[in-house]
Structure formats: structure tokens, C-alpha cells
Amino acid sequence: MSQTEQLSLLVRFVWNGEVEERLLAMMPMNETTAEALFEAVTQKLQQHGIDVAHLRGQCYDGANNVAGSCPKRHSVYVKNQREINAHAGGGEKMEYTLKKLSDTRWACRADSIVGIHRTLDAVIATLKEVRENETKAAIAAEAKGLLQNVQDFEFIVALEVLKKVLHLRKGVSDKVQSEGLDVVSGCERVADLLTAIKALRCDVPRRLDENPDTAAQVSVKDKFKIFFFYNVLDLMSNSIETRFNMENTAVLKGLGYLHPARISHSQAWESISVAVKWFQNDIDLESEIFSLQLSSLVTDVIEKAVSEKRNPDFLDLFKALQAEPQCYGCVSKLMKIALTLPITSCSAERVFSKLKIVKSRLRSTMNQNRLENLIHMSVEVDLLENLDLDSLVQKFTDCAPRRMNLV
């Protein structure tokens with residue numbers, strides 16, 4: 001199959017009171033640098049008549065190619081797991097699959113570490129079997145090298161430490177990617193995680209030099225903390241602070257307080273004012289927020305959702321505000337901005353899931369134009385079902401004279 005890099009571009013907008021996400025284009029990319037992606041996105045937006053000045057947020061997902069696995073060696077790994085579980089007793093145990101170590105997602109790293117940690121004996125047994133029975137010299141040599149690394153004491157200690165440290169982040173990662181994400185609580189959990197990571201950095205001797213008269217005596221345990229454990233903690237905290245920097249988090253948290261369950265909170269206006277300042281060229285709504293907090297409209301929205309046995313959401317309050325544009329026009333506009341901000345990149349990932357279905361091994365030679373058209377038809381199936389087929393056939397026949405009448 002083709003190894004061409006593809007870029008999927010989606011737009012998120014509010015139309016007739018509903019949030020819409022639509023696939024705009026799928027483009028081949030010769031390079032995936034930031035500059036190349038920027039040029040491709042801006043050019044495609046211009047082609048569709050979308051002014052960049054009207055955009056209020058953006059979200060990216062850099063998906064890596066998943067490396068393939070060998071079914072034969074994987075079956076050896078599964079067999080060793082079952083044999084070890086049978087000898088260990090204690091009933092039937094879960095079988096794990098080793099996962100590729102992600103370069104960008106800490107949650108995926110946690111899953112990878114857990115899989116190796118819980119099946120370390122099976123991994124060692126598999127590497128020994130591959131080393132002894134593999135006919136290809138390169139693979140046998142690689143298995144021998146991996147076996148030496150896996151059985152090394154430092155590897156086992158690092159595995160134990162990383163399992164506990166990465167577990168801290170995995171829970172928060174799952175929270176911020178959950179379907180019913182609450183932006184405010186998500187921001188609070190991220191802040192709690194950052195505090196917990198920094199708390200693990202306990203004190204060590206501050207004076208470290210080579211002069212035996214002035215140098216502090218550092219134990220092996222402290223050396224491990226300084227040169228490994230603290231490096232991992234620093235990488236994690238820097239990654240969190242880069243992705244959730246204080247300025248962006250404060251804006252997201254302010255927009256989160258527009259939720260009907262939170263807008264009446266005593267801290268709501270203080271947080272919302274940060275988002276208002278960020279979008280000050282679009283809105284000016286201090287008086288509207290104050291009157292909305294005292295209004296029965298929010299209570300009515302919540303009570304209606306409860307009567308329907310569901311939780312109130314942004315759209316409930318947004319639709320109620322749109323019914324009174326004279327009173328809450330600016331709040332409605334701020335909520336529309338909040339609704340258009342893409343919190344996750346799930347839609348882009350679904351496009352590539354469709355790509356695996358459309359461009360299979362039996363259809364691997366189609367050109368880019370046909371591929372993009374088929375992807376559009378597969379992703380935007382709801383729009384496809386509403387098309388008038390008779391008018392489409394008529395338009396097709398009008399494109400060129402034909403001997404046979406199609407209609």
C-alpha cells in the first residue's frame with residue numbers, strides 16, 4: 001500500500017444551534033514540518049473562502065505510523081504467558097499484548113510499561129526462544145541484545161519506578177479524554193497532577209562537587225533519584241506545563257464556567273472574565289453575565305434536563321440564550337466561541353480509521369482525488385443520504401454528450 005503521508009482538515013462550527021464538525025479536505029503531504037502543515041492548512045482554507053481571522057481555536061493530532069508485529073513471534077509470547085499463568089495458579093489471568101512505545105502520549109507509555117511489567121517472565125522466555133530457534137541471524141542477534149537489556153538490574157528498577165510514576169498521569173489523561181469531559185474539573189485535575197509530581201521531588205544534598213573536602217556524601221539511592229527519577233519527573237512536569245500553560249488553561253477554565261451547572265458559582269465571573277479579556281475584540285458582557293447569574297433561565301434549563309433524566313450541557317443553555325438575543329446576545333456569542341473550540345482530536349482520528357477501510361490492500365492504487373472523494377462520502381454519510389440522486393444523475397449526463405440516455 002502507499003506510504004504517502006495524509007493530512008485531514010476538519011472544521012468545527014455552530015449552525016442553527018447545533019455543533020457541527022465536517023471534513024474539509026484530505027491532502028497528501030511530502031513533509032510534516034510545522035511550516036509545511038501551516039502552509040497546507042491556510043491554502044486549503046483560502047480555497048474554501050474561510051478567513052483565518054474568523055478562527056477562534058485550533059487542535060492538532062500528530063498520529064504516528066503503527067509498526068507491524070510478527071504473528072509468529074507474538075504467538076510464542078502468548079503461549080509463554082499461558083504457561084507461566086498455569087504454573088503460577090490462582091485462576092485464569094488476563095493476557096496482555098505488548099504495545100508500541102508512543103513518542104508523544106504518556107498514557108500510551110503507561111500501558112506499554114504495565115504490559116511489560118506484568119508479563120516480564122513471558123517476555124524473557126519469548127526472547128530466549130527466539131534467540132535459540134530463529135533462523136534469521138539478524139533477528140536472533142536482536143533478541144539476544146534485548147534479552148540482556150531486559151534482564152539488567154537497572155532496567156528492572158526503572159520499570160518498577162516508571163510504572164508507579166506514569167500511573168499518576170494515566171488517570172488524568174483518561175479524564176481529559178473522556179466523553180463527558182468537564183473542562184473546569186479537567187483543568188483542576190491537571191493542576192493536582194502537577195502538584196503531585198512536584199511533591200515527589202524531595203530534598204537531596206545541594207552541594208555536589210569533586211572535591212572530597214567540600215563534597216556532600218551522596219548515597220546510591222540519592223544518585224538514582226538525581227540522575228534518573230528526578231529527570232523523569234522533570235520531563236513529565238515540563239510536558240504538562242507546555243501543553244497546559246497557565247494562560248490557555250485559565251481561558252479554558254473560564255469558558256468551562258459557562259456550563260449551566262457552574263455559571264451560578266461564586267467564582268464563575270472571576271474565571272469567565274479571563275476568557276472575556278481573551279476575546280475582548282468579539283464581546284463585552286460583564287452586565288449580561290451578572291444578570292444571567294441572577295436569572296431563573298439557568299434554573300429552568302437545569303430543571304428541564306433533570307426532568308428528561310439527563311445532565312444539562314452547554315447546548316441547553318446556548319439554545320435558551322439564543323431565544324433572548326436582546327438580553328444575552330454577547331453571552332450567546334461567547335458560548336458559541338466555546339462550542340467551536342475543539343477540545344479533542346477524535347474526529348480527525350476517525351477519518352484515519354475510515355481511511356483504513358476505504359484504502360484497503362485490494363484498493364491501494366487509486367489516485368488522490370478519488371481517495372479524497374471516497375473518504376468524504378464515507379465520513380459525511382449523513383450529508384450523502386440527503387442528496388437528490390435524480391439531480392446528480394442529470395448533472396452527470398449534462399457534463400458530456402452520450403449515446404445512451406441515463407435518465
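This passage describes the overall make-up of a predicted model and then several of its helices, ring pairs and individual residues.

The protein chain of the predicted model contains 18 helices and 2 strands. Of its 407 residues, 32% are buried. The chain exposes an area of about 26900 Å², of which 53% is supplied by carbon and sulfur atoms. When contacts between residues at least 6 apart in sequence are considered, 61% of them join residues that are at least 24 apart.

Helix α16 offers a view of how one helix is placed against other elements of the chain. This helix runs over residues 368-379 and has 12 residues, and the distance from its first C-alpha to its last is 16 Å, which is close to the 16 Å expected at 1.5 Å a residue. Its buried residues are L371, E372 and I375. Seen down the axis of α16, these buried residues fall within an arc of 95°, and they therefore line one face of the helix. On the other side of α16, N369 and R370 are exposed. The partners against which the buried residues of α16 pack are the strands β1 (5-15) and β2 (18-29), together with the helix α15 (346-358).

Aromatic side chains were examined next, and the count comes to 2 aromatic pairs. In one of them, the rings of F224 and F228 have their centres 5.2 Å apart and their planes at 35°, so the pair is classed as tilted, a class that begins where the planes are no longer under 30 degrees apart. F224 and F228 both belong to helix α8 (residues 220-243), and because they are 4 residues apart in this helix, about one helical turn separates them. F224 has a relative accessibility of 30% and therefore counts as partly exposed, and F228, with a relative accessibility of 23%, also counts as partly exposed. The rings of F229 and Y230 have their centres 6.0 Å apart and their planes at 40°, so this pair is tilted as well. Both F229 and Y230 are buried. A further arrangement that involves a ring is found at Y257, where R262 lies over the face of the ring, at 5.9 Å from the ring centre.

Two buried residues in separate helices illustrate contacts made beyond the immediate sequence neighbours. S332 is located in helix α14 (residues 325-340), and its relative accessible area of 9% is under the 20% limit, so S332 is buried. Leaving aside neighbours within four places in sequence, the residues in contact with S332 are F318, L321 and Q322. D316 lies in helix α13 (residues 314-322), and this residue too is buried, because its relative accessible area is 19%, where buried means under 20%. When residues up to four places away in sequence are not counted, D316 touches V301, A305, R310 and N311.

Two partly exposed residues were also considered, each with a residue that is separated from it along the chain. G145 is placed in helix α5 (residues 137-150) and is partly exposed, with a relative accessible area of 27%. The C-alpha atoms of G145 and L127 are 9.3 Å apart in space, while these two residues are 18 residues apart in sequence. A250 is found in helix α9 (residues 246-256) and has a relative accessible area of 29%, so A250 is partly exposed. Between A250 and C187 there is a separation of 63 residues in sequence, and their C-alpha atoms are 8.5 Å apart in space. With neighbours within four places in sequence left aside, A250 is in contact with S271 and V274.

The backbone of one loop residue was examined last. Most residues other than glycine have a negative phi. K309, which is not a glycine, has a positive phi, with a value near 60°. This residue lies in the loop between α12 (297-307) and α13, and at 80% relative accessibility K309 counts as exposed.

Notes. Residues are numbered from 1 along each chain as its sequence is written. This is a predicted model: local features need pLDDT of at least 70, side-chain atom pairs count only at pLDDT 80 or more; totals for chains, interfaces and linings use all residues. Side-chain values use heavy atoms; hydrogens and water are left out. The expected span of a helix is 1.5 Å times one less than its number of residues. Buried means under 20% relative accessible area, exposed over 50%, partly exposed in between (1.4 Å probe, protein chains only). The arc is that of the directions from the helix axis to the C-beta atoms. Contact means heavy atoms within 4.5 Å. Rings of Phe, Tyr and Trp (its six-membered ring) pair if their centres lie within 6.5 Å; planes under 30 degrees apart count as stacked, over 60 as edge-to-face and the rest as tilted. A charge sits over a ring if NZ of Lys or CZ of Arg is within 6 Å of the ring centre and within 35 degrees of the ring normal. Accessible areas come from the Shrake-Rupley method with a 1.4 Å probe; for residues, only the protein chains shown count as cover.
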